[in-house]
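Open the structure in your viewer and keep the sequence panel visible. The stops below tell you what to select and what to look for there.

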Amino acid sequence: MYYNNVMRILNWILNILLLICVTSCINHTEITDDSHSLLAISVKDAGFSPENNQKTTRAIDNGYATTFTKGDQMGLYVLDASGNVKMANLCLTYDGTNWNYPAGTTLYYDDTSRKYFAYYPYQSTITDVPATSAATTAANFFSTLISNWKPSTDQSSQAKYTASDLMVGTGAVGTLASNATRPITFNMAHQMALIDLNIPYYYLSTDNNYTYTFGLTYVGFNPFHLSKGNYRYIIKPGTSTSIWGSYCPTTSSTTSNVFNKAFSAASGTYQTMNVDGGAVGTSHTLAIGEYYLNDGSIIPNATANKFLLDKVIGVVFSTSTSTIDKGYGWTHGYAMALTNATTRCLWSTNSNDEMLTNYTTYTAFIQNKDGYTETQTIKDHGLKAFNKDNYPSFWYALNYGSDNEPGTTQYAAPSTSSGWYLPSIGQWYDICVNLGGLPPAMLRSTYIASSCWNDNGVTDYASIFVSNINQYLLKLSSKGYAVTAFAHTISTDGYLEGYWSSSEYTDEKSFGMFPSTDSVWLTYAGYSNLTKHSTWDVRAVIAF
């Protein structure tokens with residue numbers, strides 16, 4: 001009797017376990033459609049197509065499709081079978097992999113009669129209220145938005161370019177997936193037209209990705225620079241738009257070449273404009289003494305073309321950069337500003353040791369090319385609050401070319417550069433040798449952290465330095481451009497003609513460069529009773 005009861009209990013337990021096992025298998029492989037499955041968003045873009053089926057040189061013509069990036073947003077509308085809006089302007093955000101609903105909002109599949117219309121880029125406020133009656137396509141639903149859409153004339157960045165690129169799409173709901181979701185795919189169609197502009201360009205022999213076109217100027221529009229010599233500009237379809245500008249094909253030309261053509265294209269199509277043969281590249285080898293322009297271009301200092309000289313902001317003094325600067329992407333060289341900052345100033349009002357490496361030997365300080373890092377260290381981690389009063393030399397260097405320093409705005413730094421900063425003492429060494437023509441071996445380098453080009457009056461190194469470095473500046477001033485030439489005399493306000501560096505010696509002493517009567521010194525401002533509180537000039541530099 002006991003045995004039979006035990007067997008009954010065991011059989012009962014085995015049946016329960018088998019039922020659980022079978023149920024578990026069914027839950028994972030045989031999902032039933034409960035009409036309330038989560039809708040998983042997918043977005044595709046077929047891109048712009050050639051106008052009138054014009055031939056393209058691309059083997060795979062996918063270069064005209066939009067690649068969505070993290071942070072992109074689009075708006076979604078959901079309508080029922082009667083055309084009533086059930087959800088309006090829901091913001092969907094792309095995280096680099098998936099399109100996500102706003103926090104606290106989830107969209108579920110209800111029935112096949114619902115319609116889903118999306119547009120891109122997202123607008124937080126839709127002034128052009130979509131049609132809601134019998135719209136069957138996204139183009140119908142957003143017809144007012146499309147009709148009133150006006151591409152911006154400034155499309156100079158990817159964000160500005162895509163902000164003009166209106167796309168709409170109708171959602172197609174797929175079948176229920178094994179993860180209990182339904183995919184909904186939006187095939188987005190471009191509602192504007194595209195101009196594909198190709199212009200000849202130069203590139204550095206050491207880096208074919210560093211490209212520029214001499215004197216490139218646009219009239220009434222500013223396109224997005226997509227790749228080497230290639231620019232994109234969104235236009236309103238069906239209307240005449242002029243693509244008008246100019247460029248200098250070479251530095252020897254005394255005028256610029258003008259390009260001008262009116263375009264009218266259908267929505268979703270592109271037309272190509274090849275200027276003087278299109279995006280053909282020419283190699284250039286960077287050299288000391290060349291001019292650095294406000295758009296990142298580089299031209300020989302013998303250039304006579306006024307269109308290009310108008311853009312000069314610096315003189316190249318090095319064709320290599322520090323390891324740290326290479327890490328920021330500035331791998332090509334350094335350039336020195338054409339003028340001093342507007343005000344002579346102190347290094348700082350602080351007499352304590354800053355969070356900088358203290359250089360105490362000649363061999364160490366001439367290797368220090370990290371003026372950018374030292375400048376940023378003072379800006380972000382200085383012992384006092386960073387402002388014009390506490391750290392004037394750094395403040396004036398960082399604000400050179402900006403509205404904060406009136407009279408220098410024409411020297412604004414290109415966005416691809418480091419921006420202006422105070423040079424390190426090692427960068428001043430490079431300026432003295434490479435632009436100033438002084439011998440690489442300093443004649444007196446045995447002083448503790450104070451060295452100079454001096455041979456007891458036999459050679460006038462100060463005059464050599466001033467004459468050589470000024471030749472790059474005076475070529476510009478002779479053509480009417482503002483420069484600050486170097487000198488080796490006491491200035492009119494009674495101060496030594498000295499220049500600050502970003503480098504520190506000790507608590508009260510920082511490095512600088514000054515040409516004296518017949519010598520050129522790289523020394524700490526503790527020499528000859530000078531300190532961080534002395535008044536010297538600021539000459540900013542830039543990395544690119």
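A strand, as the word is used here, is a DSSP run of type E with at least two residues, and strands are numbered from the N terminus. Keep in mind that the model is predicted.

**Stop 1: one residue inside a strand**

Select Ile 243, which lies in strand β15. Is Ile 243 buried or exposed? Its relative accessible area is 1%, and buried means under 20%, so Ile 243 counts as buried. Now show what surrounds this side chain. Setting aside neighbours within four places in sequence, Ile 243 has contacts that include Ile 195, Leu 197, Phe 221, Tyr 233, Phe 259 and Met 273. Add Val 219 to the selection: its C-alpha atom is 7.8 Å from that of Ile 243, although the two residues are 24 apart along the chain.

**Stop 2: the whole strand**

Extend the selection to residues 241–247, which make up β15. Five of these seven residues are buried, so the strand is largely enclosed by the rest of the structure.

Strands of a sheet pair through backbone hydrogen bonds, in either a parallel or an antiparallel way. Which strands pair with β15? One is β16, residues 257–263, which is antiparallel to β15 and linked to it by seven bridges. To find a place where they meet, select Trp 244 and look across to Asn 260 in β16. Another is β12, residues 217–218, which also runs antiparallel to β15 and is joined to it by two bridges. Here, Thr 217 is opposite Ser 246 of β15.

**Stop 3: a patch on the surface**

Switch to a surface view and select Val 219, Trp 244 and Val 258. Together they form a nonpolar surface patch with about 280 Å² of accessible area. Val 258 belongs to strand β16. Its relative accessibility is 59%, and the cut-off for exposed is over 50%, so Val 258 counts as exposed.

**Stop 4: a three-stranded sheet**

Finally, select β11, β10 and β18. In that order they form an open sheet with mixed pairing. The edges are β11 (207–212) and β18 (281–284); each has a single partner strand, so one side of each has no neighbour in the sheet. From one strand to the next, the twist averages 40°.

Zoom in on β10, residues 201–204, which pairs with β18 in the parallel sense over four bridges. To see one partnership, select Leu 204 and His 284: the latter, in β18, is the bridge partner of the former.

Conventions. Residues numbered from 1 in each chain as written. Predicted model: local features only at pLDDT ≥ 70, side-chain atom pairs only at ≥ 80, totals over all residues. Heavy atoms only, no water. Pairing = 2+ DSSP bridges. Axes fitted to C-alpha atoms, helices over the stretch in contact; angles between N-to-C directions. Buried < 20%, exposed > 50% of the residue type's maximum accessible area, 1.4 Å probe, protein only. Patch = residues over 30% accessible without salt bridge, like charges linked within 9 Å, V, L, I, M, F, W, Y side chains within 5 Å. Areas by Shrake-Rupley, 256 points an atom, 1.4 Å probe, with all protein chains shown as cover. Salt bridge = Lys/Arg side-chain N within 4 Å of Asp/Glu carboxyl O. Contact = heavy atoms within 4.5 Å.
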